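Please open the model in your viewer and keep the selection panel at hand. The tour below goes from one selection to the next and says what to look for at each stop.

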Amino acid sequence: MFKLFIQKKLERYVRKYFAKHPEVKLVAVVGSVGKTSTKRAVADLLSRRYRIRMHDGNHNSDISAPLAILGIDFPENIRNPVIWLAVFRAARLRIKQPTDVDVIVQELGTDKPGEIAAFGKYLVPDIALVTAITPEHMEFFGTIDAVAKEEMAVSGYAKYVLINRDDVEGRFADYETNPNFSTYGTTGAAEYRFEQQDFTVDEGYKGSIIAVNHEPFDATIKVVGEHSLRPVMGAVAVGMLLGLTDQDIVSGLGLIRPVPGRMNVLRGIQGTTIIDDTYNSSPAAAAAALQTLYSFTDAPQRIAVLGDMRELGASSQVEHEKLGALCDPSLLDWVVLVGPECEKFLAPVAKSRGCQVHIASNAITAGEFVRSVTRDGAV
C-alpha cells in the first residue's frame, strides 16, 4: 500500500509538471533491447540545440521513471517516509520553478504484461521509440506475441511513434494502434535509414542518411556493429522531427559514443581489440555481437566470451542452443563460456559444430584462460 501511495503521488506530480510546462517535450523509449543506447543517442544528438534531461541509469520502473522525468534522485532508503516527504517537496519545487529543460528523454521498462500501458495513465510522449521486440522476461510473458503487445502498447498514448524496422518484425504491426508513425534503421524499407559505404574500427561507419521528404546527406557514425547504427538512426529520426538541421545532426553524431558495456571497443594488450558488451545479454544482442565479431575479417584470431542469458524462462534452453548454433568454428578460435545455462545448452551445440569450447567457473577465470591463448592482434 505504501509503494502504491508513493507511485500515485509521483504520477500526479508528473502530470502537474507537464501541465505547468507544456513547452517541454517528452521522448519515451521502449523495447526489449537497445533502450539505453537509444536514449543516450537521442540525448546526445538533441543537445546540439536543446536543453536535455536524461537519467544516465536505467531508471525506467513505476517509481523510478517519474523521479527521472522530474530530475529527482532516487532515494537510498525507499522505506523511510521522511525521505519521501523531502522528495515530494522537491517535486513541488520543480513544478513551480521556471523550466530548465526543453526535452526530457526517458526510457520505460517492463517486467510483466500491462506495465508499458500503465505509463499511459500519466504520460503523453511527443515521440515514442520502439527499439526492438525480442524475447525478454519470458517467465512472465510466455510468448513473443505477448512481448510485442506489451512494447507496442506505447502507441496507444504517444503522439507520434518511431519503430525500429530492423528489430521489430512486420507481423507485429497489428499491435501498432497509432496512425502517426514512421520506421527507422538500416534496412532500405525504413523511412529514416543509414546506407553504409565504409567502416573502420577507428573511424566508424561512413555513409548517407536518407529520410522521407529530405535530401540525403553524408555522415559518420562512430560505433561498432551494424546493429549499433539503429539506436543512432532512431536519434536522427527524433532530431529531424524536432527540427534539427543537417548540420546539427552531423555535428551531433560526433558526440555519440557507445554506452559502457554496450559494444564498446577497448584496446587490450598485445594489440588486441576487446568488444565490451557485458552490460546485459539477450538472444538478439548476443547474436548481433557474434556477427560483429565475425566482421573483423582481418583479425588473426577471434574469441567469443559468452555468459548466461537470463530471464528467458522456458525458452532458455532453445535460445542458448540457437546461440550455440551461431558459433562458427571457421570464424572462432575459441568459445569461452560462463554460467550453467551456457554449459548445459550452448556448449554441446557449439562443440557439435566443431568449435573449441572452454567452460570457465566465473568471469575472472574466463579472463585468465583468454589471456593464456590470445595471440597478437586478436579480437
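How many bridges join strand β8 to β9, and in which direction do the two strands run? Select residues 204-211, which make up β8, together with β9: five bridges join them, and the two strands run antiparallel. Before going further, note that this is a predicted model, in which local features need pLDDT of at least 70 and side-chain atom pairs count only at pLDDT 80 or more, whereas totals for chains, interfaces and linings use all residues. Residues are numbered from 1 along each chain as its sequence is written, and side-chain values use heavy atoms, with hydrogens and water left out.

**The nine-stranded sheet**

Within the pair you have selected, find Ser 208, whose bridge partner in β9 is Asp 218. Helices (H or I, at least four residues) and strands (E, at least two) are DSSP runs numbered from the N terminus, and two strands pair if DSSP finds at least two bridges between them. Now widen the selection to the whole open sheet, in which nine strands follow the order β2-β3-β1-β4-β5-β6-β7-β8-β9 with mixed pairing. The edges are held by β2 (52-53) and β9 (217-221), each of which has a single partner strand, so one side of each is left without a neighbour in the sheet.

Next, add helix α2, residues 35-46, which lies across β1 (25-30), β2, β3 (103-107) and β4 (127-130) and runs at about 170° to β3. Then add helix α8, residues 229-241, which packs on the sheet and touches β1, β4, β5 (161-164), β6 (181-185), β7 (192-200), β8 and β9, its direction making about 135° with that of β7. Contact here means heavy atoms within 4.5 Å, while axes are lines fitted to C-alpha atoms, for helices over the stretch in contact, and angles run from 0 to 180 degrees between N-to-C directions.

**Salt bridges**

Show the charged side chains next; the structure holds 19 salt bridges, each being a side-chain nitrogen of Lys or Arg within 4 Å of a carboxyl oxygen of Asp or Glu. Select Asp 126 and Lys 159, which form a salt bridge with their closest N and O atoms 3.3 Å apart. Asp 126 lies in the loop between α5 (115-119) and β4, and Lys 159 in the loop between α7 (144-151) and β5, so the pair ties together parts that are 33 residues apart in sequence. Asp 126 is buried, with a relative accessible area of 14%; the term buried means under 20% relative accessible area, exposed means over 50%, and partly exposed lies in between (1.4 Å probe, protein chains only).

Move on to Arg 193 and Glu 195, whose closest N and O atoms are 3.5 Å apart in their salt bridge. Arg 193 counts as buried at 18% relative accessibility, whereas Glu 195, at 38%, counts as partly exposed. Then select Asp 166, Asp 167, Glu 226 and Arg 230, which are joined into one network by salt bridges that share partners.

**Aromatic rings**

Of the aromatic side chains, where do the seven pairs of the structure lead? Among the seven aromatic pairs, select Phe 5 and Phe 88, whose ring centres are 6.4 Å apart and whose planes stand at 80°, so the pair is edge-to-face. Rings of Phe, Tyr and Trp (its six-membered ring) pair if their centres lie within 6.5 Å, and planes under 30 degrees apart count as stacked, over 60 as edge-to-face and the rest as tilted. Phe 5 lies in helix α1 (residues 2-20) and Phe 88 in helix α4 (residues 81-96), so the pair ties together parts that are 83 residues apart in sequence. Phe 5 counts as partly exposed at 43% relative accessibility, whereas Phe 88 is buried at 6%. Add Tyr 13 and Trp 84 to see the cluster that ring pairs form from Phe 5, Tyr 13, Trp 84 and Phe 88. Lys 9 lies over the face of Phe 88, at 5.7 Å from the ring centre; a charge sits over a ring if NZ of Lys or CZ of Arg is within 6 Å of the ring centre and within 35 degrees of the ring normal.

**The three-stranded sheet**

Finally, select β12, β13 and β14, which form an open sheet in that order with parallel pairing. The edge strands are β12 (303-307) and β14 (357-360), each with a single partner strand, so one side of each is left without a neighbour in the sheet. Five bridges join β12 to β13, and Ile 303 stands opposite Trp 334 in β13. Helix α12, residues 340-352, packs on this sheet, touching β12, β13 and β14, and its direction makes about 170° with that of β14.
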